[in-house]
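Here are my notes on this model, set out as numbered points. Please read them with the structure open.

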Amino acid sequence: MTARALITGVVGQDGSYLAEHLLSKGYIVRGITRRASYPHTQRIDHLFAMYDDRDPECPFRVTYADLTDSSSLQNVLLDFQPTEVYNLAAQSHVGISFDTGESTLDINAIGPFRLLDSIRRVCGPDVRFYQASSSEMFGASPPPQSELTPFLPQSPYGAAKAAAYYLTRMHRVAYGMFAANGILFNHESPRRGLNFVTRKITYTIARIIAGDVDRIELGNLDAKRDWGFSGDYVDAIWRILQHTEADDFVVATGETHTVREFVAHAFSILGLDWEDFVSVTDRFKRPAEVPALLGDASKARRLLGWQPKVGFAELCQMMLESDLAARGHTLDEARVQAKSLRPSVPRVRRK
Ligand SMILES: NC(=O)c1ccc[n+]([C@@H]2O[C@H](COP(=O)([O-])OP(=O)(O)OC[C@H]3O[C@@H](n4cnc5c(N)ncnc54)[C@H](OP(=O)(O)O)[C@@H]3O)[C@@H](O)[C@H]2O)c1
C-alpha cells in the first residue's frame with residue numbers, strides 16, 4: 001500500500017522540506033494550511049507547479065484545516081485516511097509567545113490533543129503520529145540536553161510544547177498509538193521565517209548590501225543555540241516514524257554557538273566587521289531567557305542512523321547567499337559592494 005502522509009504546517013519551513021522529502025520517496029502527501037487574508041504558500045509554490053491537482057492521481061494536495069478546529073481535522077482525516085501524520089503546525093516563535101500566550105497554548109498544546117484524539121476516533125491506532133517537540137522544553141536546564149534531561153520551559157511556547165510532548169506519550173501509553181516525539185533543536189534554512197534571529201541577520205545583511213538599511217538591531221547576543229539545517233532535520237523526522245517502535249528522540253548537531261558568533265560569521269563572509277553594523281536593544285530581550293542549548297543526539301544516531309550533513313558555517317553561508325541572490329547579488333558582487341560600506345554604528349553605542 002502506498003504510504004499516505006498528512007502534514008500540518010505544510011506551508012512552514014519544515015513542512016515544505018518534509019513534503020519534498022516524502023514526495024521523493026513516493027508518498028501521497030496531503031498538507032493542511034489555515035486560512036490567511038493573503039496567500040502565503042511561497043515555500044510550496046514550486047510543488048504546486050510540479051503537481052497538477054486537477055489530476056485525480058495527483059500525489060500532492062493542500063486542504064484548509066486548523067489546529068484550533070477539531071471538525072476540520074476530523075474532515076481531513078476521514079477524507080484522506082493517512083497512514084502517517086506529521087504535526088508540524090504551531091505558533092512557532094518563542095518571543096511572540098509572550099505576547100500571545102493564550103493562543104500559543106491553544107494551537108501548540110490543545111492543538112496536538114485535538115489531532116491525537118481525532119486520529120484515535122477516526123483512524124484507529126495503526127496511524128503513526130509525529131509531534132514536533134522542541135528543545136525550548138529544556139529551557140533553563142543546563143546543557144548538554146538529552147532525552148533524559150528535565151524540562152524547565154522559560155516561555156509560553158516551551159510550556160505548551162512540553163504539554164504536547166506529554167500528551168503524545170500519554171496517547172502512546174493509554175491507547176497503544178504509535179505516537180512519537182522529535183525533540184528538535186533550532187534548525188534554519190533559506191526558508192526560515194524572517195523574524196527568527198538567524199534569518200533576520202542574513203536577510204538584513206542582504207538589505208545593507210542593497211543600501212536599503214544601514215544596521216541590524218538585535219537583542220541577547222549571548223544566547224547559545226545548537227543550529228542545524230532544516231533539510232537534514234526532516235530526514236530525522238521521517239526516520240522517527242519509520243522506527244520499529246514509537247519513541248522520543250533528540251535531534252541536534254551537538255555544537256553550540258552564540259548569536260554573536262552567528263552574526264560575526266555572517267558579516268565575515270563579506271569581509272565586514274559585525275560591530276560596525278549591529279546595535280543592541282533591550283526591545284528584543286525576553287521576560288525569561290533560555291541561556292544555552294546543546295543537544296545530545298546520540299540516541300538518534302544509534303537507533304535511527306541519522307546524522308546532520310550541514311555544519312554551522314555552511315548553513316550561515318547558504319542562508320546569506322540565498323538572501324543576496326533574492327536581491328540580485330552573487331557572493332562575489334556583495335564582497336565588492338561591501339568594501340564601499342562605511343560603519344553605521346558609532347563606537348559609543350556599542351555594548
Ligand atoms: N525550526 C525550529 O528551530 C524548530 C525547533 C523545534 C521545534 N520546532 C517546531 O517544529 C514545527 C515546524 O517548525 P517551522 O520552523 O517549520 O515553523 P513555521 O515555519 O513557523 O511553520 C509552522 C506552520 O504552522 C502553521 N500553523 C500555525 N498555527 C496553525 C493552526 N492553528 N492551524 C494550522 N496551521 C497552523 C503556520 O501557518 P501560518 O503560516 O498560517 O502561520 C506555519 O505554516 C513547529 O511546530 C515548531 O514549533 C521548530
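1. Aromatic pairs. Rings of Phe, Tyr and Trp, the last by its six-membered ring, count as a pair if their centres lie within 6.5 Å. By this rule the count comes to 14 aromatic pairs. Bear in mind throughout that this is a predicted model.

2. One pair in detail. F151 and Y165 pair edge-to-face. Their ring centres are 4.9 Å apart, and the planes meet at 85°. That angle counts as edge-to-face because the class takes planes over 60 degrees apart. F151 sits in the loop between β5 and α6 and Y165 in helix α6, so the pair ties together parts that are 14 residues apart in sequence.

3. Burial of that pair. Are F151 and Y165 buried or exposed? F151 has a relative accessible area of 17% and is buried. Y165 is buried too, at 5% relative accessibility. The cut-off for buried is under 20%, so both values qualify.

4. The aromatic cluster. F151 and Y165 belong to one aromatic cluster, together with F138, Y166 and F185. For a distance check from helix α6, where Y165 is found, take S268. Y165 and S268 are 103 residues apart in sequence, and their C-alpha atoms are 39 Å apart in space.

5. The ligand shell. Which residues come nearest to the ligand? Of the 24 residues around the ligand, they are R34, H40, S92, Y157 and K161. By class, the shell has ten nonpolar, nine polar and five charged residues.

6. Polar atoms at the ligand. Three distances deserve a look in the viewer. A polar side-chain atom of Y157 is 2.6 Å from a ligand oxygen. The backbone also takes part: a polar backbone atom of L88 lies 2.9 Å from an oxygen atom of the ligand. For a polar backbone atom of A90, the distance to an oxygen atom of the ligand is 3.1 Å.

7. Cover of the ligand. How much of the ligand does the protein bury? The ligand alone exposes 890 Å², and the protein buries 90% of that. Elements that give two or more residues to the shell are α1 (13-24), β5 (128-134) and α6 (156-175). Strand β5 gives the most, with three residues.

8. S134 and S92. S134 is in strand β5. At 6% relative accessibility, S134 is buried. S92 is among the residues that come nearest to the ligand. The two serines, S134 and S92, are 42 residues apart in sequence. Their C-alpha atoms are 9.8 Å apart in space.

9. H257 and its contacts. H257 lies in strand β12, which covers residues 257-258. H257 is buried, at 16% relative accessibility. What does its side chain contact? A polar contact of 2.6 Å joins the side chains of H257 and E255. The H257 side chain also makes a polar contact with the side chain of E261, at 3.2 Å.

10. Cysteines. How many disulfides does the structure hold? The count is zero. A disulfide is a covalent bond between the sulfur atoms of two cysteines. As for exposure, C316 is buried, with a relative accessible area of 0%. C123 is partly exposed, at 21% relative accessibility. The limit for buried is under 20%, so C123 falls outside that class.

11. Backbone geometry. Most residues other than glycine have a negative phi, and most peptide bonds are trans. Two sites should be checked against that background. The peptide bond from P143 to P144 is cis, with omega near 0°. P144 lies in the loop between β5 and α6. F151 also lies in the loop between β5 and α6.

12. Q81. The second site is Q81, a residue other than glycine with a positive phi, near 50°. Where does Q81 lie? Q81 is in the loop between α3 (70-80) and β4 (84-87). Q81 counts as partly exposed, at 41% relative accessibility.

Conventions. Residues are numbered from 1 along each chain as its sequence is written. This is a predicted model: local features need pLDDT of at least 70, side-chain atom pairs count only at pLDDT 80 or more; totals for chains, interfaces and linings use all residues. Side-chain values use heavy atoms; hydrogens and water are left out. A disulfide is a pair of cysteine sulfur atoms within 2.5 Å. Buried means under 20% relative accessible area, exposed over 50%, partly exposed in between (1.4 Å probe, protein chains only). A residue is near a molecule or strand if one of its heavy atoms lies within 4 Å of it. A polar contact is a pair of N or O atoms within 3.5 Å; within protein, one must be able to donate a hydrogen and the other to accept it, and residues adjacent in sequence count only if both atoms are side-chain atoms. Accessible areas come from the Shrake-Rupley method with a 1.4 Å probe; for residues, only the protein chains shown count as cover. Helices (H or I, at least four residues) and strands (E, at least two) are DSSP runs, numbered from the N terminus. Ala, Val, Leu, Ile, Met, Phe, Trp, Tyr, Cys and Pro count as nonpolar, Asp, Glu, Lys and Arg as charged, and the others, Gly among them, as polar. Rings of Phe, Tyr and Trp (its six-membered ring) pair if their centres lie within 6.5 Å; planes under 30 degrees apart count as stacked, over 60 as edge-to-face and the rest as tilted.
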